[in-house]
Amino acid sequence: MKRIRKIHVLVLALVAALLVPAAGVSRGNGTSLPTKIGKGEGSLNLIEWSAYSDPSFANKFEKQTGCTIHRKDAGSSNEMVALMRAGGGGGGGQYDLVSASGDASLRLIYGGDVQPVNVNLIPSWKDFLPAFKSPAHNTVKGVHYGVSVQWGPNTLIYNTQKVKPAPTGWGDIYSGKYKGKLTVPNNPIQIADAALYLEQTKPSLGIKDPYELTKSQLDATVSLLKQQKPLLKRYWNYATDEITSFKNGDVWMGAGWPYQTLQLQGAKAPIKEIVPLPTTGWADTWMLAKKAPHPNCAYMWMKYVTTPQVEAKQALVFGETPVNPKACPYMNKIEAGSCAKYHLNEPASYYSKIKFWKTPVAQCGWQPGNDCMDYSAWQRAWTEITG
Amino acid sequence: MTVDVQAPPGAGPPIRRARLRFGAAVWRRPWLKAIGLLGPPTVAFCVVYLGALAALLVSSFWTVNSFTGELVHQWTLDNYRIIFSLSDPTYLRIAGRTIGIAAAVTITDALLAFPLAYFMARVATPRLRGLLFIMVVLPLWSSYLVRIYAWQTILSGGGALDWSLGKIGLPAANIAYSNWAMWLVFSYVWLPFMVLPVYGALERIPHSYIEASRDLGARGSRTLRSVILPLALPGIVAGSIFTFSLTLGDFITPLLIGGTNSTFIGNVVYENIGINANVPFAAALATIPVAVMGVYLVIARRLGAFDAL
């Protein structure tokens, strides 16, 4: 009798042990926005692009707030989405923030992996360039799911010794002049680059937005990309892959980011880049995970990285442009002329020529109805092209 | 102590009594002992291994809501219809390429491993054999990824391969980022898995068989064809299980070494989980290698590969 009672107690304890964390999680799912930033939890777990919490500015944050940063560097947007969806989604109760690019952010929002953010708690937000206050890639129906942090254009990188004369526009990666020496990213969002090119060169297709393509527009884009495929040396998967290929001469020209150009120029490779307008571009957002275990530290981080001084530092570490124009003088102080070099002083018309990444969805923005091809159609098309 | 010894059975403390009774029961019924020993691994095998396979198979008949990424628990053959579609043979092409390269790698490894294993088993002195063993398994001590990156450097433009070809007056091979490069790298990384079972099979052939063959007037080539090869075949098939299945499931080498026509099944599975969160479609694709390996293992069993493991 006595032993049986012990077993009962054991079972009860086990059930209780399982219920306690479950209750904790469900309580954490509240949807009301915080009205002030509470005391820091002492820890902050980030999924980030490499150097997005570079010690050159993150150490000061850790000292000020007592939030120790734990970093998980992701190599691609897909890896970020996969990391956020691991462990049951919403960051798995492990991650607080993710520095998602525009091709990942809507997937995280619609997948329920991130939660709304009160931008009023981020003082610098009201100083942002208008294009980055409530951009379509992180704000849905007026609800913000994070704060923009940095952006950059997709650039045309080339080897100055091999590519003569210098390229003039995106048409050069669709022409056969440098067959077998070209590279483009292995990413379905690359379809938008081809669509933007077709928008300029084939107006009869009626492409209004390179991320909102109808079936026939997508098909035309896919056939352009299939024609491009034999011209390519490879599709690059990680930024370091592209850097290696340029460095050892396997590739002479390709689509990339200013980051690769800076790295290659730093290694004394004969590399330059141009930004043919219009072009596609990326804009990154610090997004708050739905199951963020340290929300206060997360808010403190969003507040900190958008301040002008930190924006300037991060921009020059990574090779990108701040969303806060007040960073301009601080950039020039670190590196003379860098504000203009990274186009932070451009007029608003400049930003309208950069089509920022956003996840394609079925609902077209430029015509009523759900006739546009969604991201999984883009993904299938990309497999069809590259597979 | 003395009280304990003199007391009749069943009169000791309750725990000791139970232990005695348990021991006696197990001794009287051997099947109880068998269940006790085999039960836990069997349960683990069923739950962890077969359970995972069953989950894979079941989820491949579901779909996913493309907008929210949530699973739709509704039976459908759509995933398989897309994969085996003849009007858009993208996935058939990818599966064919994966299986084709896996087969090419297996044949290459068998051709490379047989002479090496033969030399190790029958010609080399024990000292040299030990040295060769170390050389065969030495690459396994370093990370697979490191070796692939090393090959990336060797094969790339201006790398060791083109440089050496240039030194002996040959044109550059220029095979960086191509299926040739993948074939080469796969053949290299899986070679030890072929050498070891082939060596095992060759070593077990009694020397008297070969002497008998010679006594009956067979030349070296006849002995090789009629005596050694048939007896070594199970070892080759056993090794081919490794090289074939390891190539079939790989996705890192295509990513780092492959060119524009190098997508493997593994890459599409990875993309569908990472990019799309389309787990059902990935599961449907993943059943292809499972089915191929199933057929392969049945054939291998017929050829006696499992006796050589």
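Okay, one bit of vocabulary before we start: I'll call a residue buried if 20 or more other C-beta atoms lie within 10 Å of its own. And keep in mind that what we're looking at is a predicted model.

So, chain A. By that count, 50% of its 387 residues are buried. How many helices and strands does chain A have? There are 14 of each, helices and strands. Its radius of gyration comes out at 23 Å, and the globule rule gives 21 Å for 387 residues; those are close, so chain A is as compact as a globular protein of that length. If you'd rather think in box dimensions, the C-alpha trace spans about 90 × 50 × 45 Å along its principal axes. Now look at the contacts in chain A between residues at least 6 apart in sequence: 72% of them join residues at least 24 apart.

Next, where the two chains meet. Chain A puts 25 residues into the contact, and chain B puts in 26. Which elements of chain A give two or more residues to the side that touches chain B? Those are α3 (77-85), β9 (232-236) and α14 (375-386). As for the character of that side of chain A, you've got eleven polar residues, eight charged and six nonpolar.

Last stop, over in chain B: helix α5, residues 90-123. This helix has 34 residues and reaches 49 Å from its first C-alpha to its last, close to the 50 Å expected at 1.5 Å a residue. Still, α5(B) has a kink of about 30° at A113(B), and shortly after that comes the proline P115(B).

Definitions and conventions. Residues are numbered from 1 along each chain as its sequence is written. Chains are lettered from A and ligands numbered from 1 in the order in which they are written. This is a predicted model: local features need pLDDT of at least 70, side-chain atom pairs count only at pLDDT 80 or more; totals for chains, interfaces and linings use all residues. Two residues are in contact if their C-beta atoms, placed from the backbone, lie within 7 Å. Helices (H or I, at least four residues) and strands (E, at least two) are DSSP runs, numbered from the N terminus. Ala, Val, Leu, Ile, Met, Phe, Trp, Tyr, Cys and Pro count as nonpolar, Asp, Glu, Lys and Arg as charged, and the others, Gly among them, as polar. The radius of gyration is taken over C-alpha atoms; the globule rule is 2.2 Å times the number of residues to the power 0.38. A residue is buried if 20 or more other C-beta atoms lie within 10 Å of its own, exposed if 12 or fewer, and partly exposed in between; C-beta atoms are placed from the backbone. The expected span of a helix is 1.5 Å times one less than its number of residues. The bend at a residue is the angle between axes fitted to the seven residues ending there and the seven starting there.
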